Amino acid sequence: TANQRWFADSTYVLRGFVKVVAPARLTIDAGTRIVGDSAVAGSALFILQGASIDAQGTAAQPIVFTSQRAVGSRQPGDWGGLVIVGRGRTNRSGRVVLEGTTAQPSDSVVYSGGTDDADNSGVLRYVRVEFAGYPVLPNAELNTFTFAAVGSGTRLEYLQAMAGLD
């Protein structure tokens with residue numbers, strides 16, 4: 001709920017659904033490593049409507065989201081992934097819940113009701129997400145990257161999805 005900065009000299013562990021809530025901004029420095037806890041089903045980072053992310057890596061120092069497992073033991077689906085939910089309009093009516101967030105009612109993420117097609121959820125530049133894509137329920141998965149109702153003000157450049165499950 002408050003602005004936070006993650007630094008490259010630390011490794012950050014996502015345990016469960018970690019949600020950045022409006023109006024907070026999460027800033028992640030170039031070269032930072034974030035790992036999804038494979039012992040907690042579907043660990044993932046959510047940037048919710050009205051919140052934002054500023055994750056600007058470089059070609060030499062990308063920001064890497066990966067599995068907590070040791071190199072050589074990592075597998076697709078070890079953790080959930082990176083989810084950004086904006087305030088853009090969608091082509092679906094009514095209350096629309098994001099796939100993969102319905103196992104527990106308290107986890108449900110709604111992405112309908114937006115009216116701002118130019119909404120800005122932040123920037124991802126030189127970001128790699130690997131070994132993600134967790135099946136929370138049958139036919140209800142989190143994906144490596146999920147962009148729901150993200151507006152045109154959001155900047156996405158040089159993204160890599162590697163070894164994802166879904």
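Trainee: How far apart are the mean positions of the positive and negative charges of the protein?

Mentor: They are 2 Å apart, taken over 14 positive and 14 negative charges. Lys and Arg count as positive, Asp and Glu as negative, with His and the chain ends not counted. Each charge is placed at NZ of Lys, CZ of Arg, CG of Asp or CD of Glu. Keep in mind that this is a predicted model, where local features need pLDDT of at least 70, side-chain atom pairs count only at pLDDT 80 or more, and totals for chains, interfaces and linings use all residues. Residues are numbered from 1 along each chain as its sequence is written, and side-chain values use heavy atoms, leaving out hydrogens and water.

Trainee: What makes up the secondary structure of the protein?

Mentor: Zero helices and 14 strands. Helices (H or I, at least four residues) and strands (E, at least two) are DSSP runs, numbered from the N terminus.

Trainee: Why is the protein called as compact as a globular protein of its length?

Mentor: Its radius of gyration is 15 Å, close to the 15 Å that the globule rule gives for 166 residues, so the description fits. The radius is taken over C-alpha atoms, and the rule is 2.2 Å times the number of residues to the power 0.38.

Trainee: Why is V109 called buried?

Mentor: V109 has a relative accessible area of 4%. Buried means under 20%, exposed over 50%, partly exposed in between (1.4 Å probe, protein chains only), so V109 counts as buried. V109 lies in the loop between β9 (81-85) and β10 (122-130).

Trainee: Which residues does V109 touch?

Mentor: Among them are F46, L48 and V85, not counting residues up to four places away in sequence. Contact means heavy atoms within 4.5 Å.
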